[in-house]
Amino acid sequence: SANLGHDAGERTQDFVRSLRVEREPAALADAPFPMSAQQAVTVRGDTQIAVSLVRAVAKVNFSYTVAADFRNSLSVRSVRLCNVPRFAALFGEGRITADGECAATEAFPADGDGYSAVYYLPENLQGENVSIPGQEQKNEANAPEYAAYILIEGEADGLHVVYRIYLGENNTSDFNIARNRVYRIEARILGRNTVDWR
């Protein structure tokens, strides 16, 4: 009820699992962050119970650098997050399943030397694709439809270039963004067709 601002009274388990906080991507950096807790307790009379809340969002520390021999060729126009959930599930699983449940952030201006930012994303558990053999294949062709990714757009040698960096628990097969976790992505742009973000 701390997130709701009032006591919701007695509710069914299904009602509680459906509780969510609507949050537009433009407001992702604004506190307060939705929090919740699930724990088993035994009450014997008049008892104080400590409740440890966890954030229903994940923190993403993102940065990129551009290889020195590519800087003069690349002009980065913008960075944005795509497939960002419009809601944070408080108790149930957070997972986008339809177009109307997600959006992209505004395009943040960036430059060809480097960029860094901190983002907060509601949980988006998109699962794994265990058939991906290496990080080069963690791409649009192999990603789940609603997997969250960072989109970098620019121009290189007169050509429009787009880099997609898919988020997840590892650099290859996982596309899950879990609540109360911190993800660190340090991308290095090497050329027109290559991003090495190990």
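**Core, rings and surface of the predicted model**

At 35% relative accessibility, Leu-190 comes out as partly exposed. This residue of the predicted model sits in the loop that runs between β15 and β16 (195-196). Leu-190 has a distant partner in the chain: Val-66 is 124 residues away in sequence, yet the two C-alpha atoms are just 6.2 Å apart in space. Val-66 itself belongs to strand β4 and, with a relative accessible area of 0%, is buried. A second long-range approach involves Val-66 as well. Gly-112 is 46 residues from Val-66 in sequence, with a C-alpha to C-alpha distance of 6.6 Å. So on the 20% cut-off for burial, Val-66 falls on the buried side at 0%, while Leu-190, at 35%, does not.

Strand β4 turns up again in the interior. The largest nonpolar core holds 32 residues, and those with the most contacts inside it are Phe-62, Tyr-64, Val-79, Tyr-119, Ile-150 and Ile-152. At least two core residues come from each of β4, β5 (74-82), β10, β12 (149-156), β13 (159-166) and β15 (182-189). The largest share is that of β4, which puts in 5 residues.

Now for the rings. The model has 6 aromatic pairs. One of them joins Phe-62 and Tyr-115 in a tilted arrangement, with 6.3 Å from centre to centre and 55° between the planes. Phe-62 is part of strand β4 (residues 57-66) and Tyr-115 is part of strand β10 (residues 114-122), so this pair ties together parts of the chain that are 53 residues apart in sequence. How accessible are the two partners? Phe-62 has a relative accessibility of 2% and counts as buried; Tyr-115, at 14%, counts as buried too. The cut-off is 20%, so 14% still qualifies. Tyr-64 joins in as well: ring pairs link Phe-62, Tyr-64 and Tyr-115 into a cluster. Two members of that cluster, Phe-62 and Tyr-64, are also among the residues with the most contacts inside the largest core.

A ring is involved in another kind of contact, this time with a charge. Lys-138 lies over the face of Phe-175, at 5.1 Å from the centre of the ring.

On the surface, Val-41, Val-43, Ile-49, Val-51 and Leu-53 make up a nonpolar patch, and together they have about 420 Å² of accessible area. One of these residues, Val-43, is found in the loop between β2 (35-36) and β3 (54-55). Val-43 has a relative accessible area of 54% and is exposed; the cut-off for that label is 50%, so Val-43 passes.

The backbone offers a couple of oddities. Most residues other than glycine have a negative phi. Asn-83, however, has a positive phi of about 60° without being a glycine. Its loop is the one between β5 and β6 (84-85), and at 14% relative accessible area Asn-83 is buried. Asn-180 likewise is not a glycine and has a positive phi, near 60°. Asn-180 lies in the loop between β14 (174-177) and β15. Is Asn-180 buried or exposed? The residue is partly exposed, with a relative accessible area of 41%. The label follows because 41% lies between the cut-offs of 20% and 50%.

Technical notes
Residues numbered from 1 in each chain as written. Predicted model: local features only at pLDDT ≥ 70, side-chain atom pairs only at ≥ 80, totals over all residues. Heavy atoms only, no water. Phe/Tyr/Trp six-rings, centres within 6.5 Å; stacked < 30°, edge-to-face > 60°. Helix = DSSP H or I, 4+ residues; strand = E, 2+ residues; numbered from the N terminus. Buried < 20%, exposed > 50% of the residue type's maximum accessible area, 1.4 Å probe, protein only. Lys NZ or Arg CZ within 6 Å of the ring centre and 35° of its normal. Patch = residues over 30% accessible without salt bridge, like charges linked within 9 Å, V, L, I, M, F, W, Y side chains within 5 Å. Areas by Shrake-Rupley, 256 points an atom, 1.4 Å probe, with all protein chains shown as cover. Salt bridge = Lys/Arg side-chain N within 4 Å of Asp/Glu carboxyl O. Core = buried A, V, L, I, M, F, W, Y, C linked by side-chain atoms within 4.5 Å.
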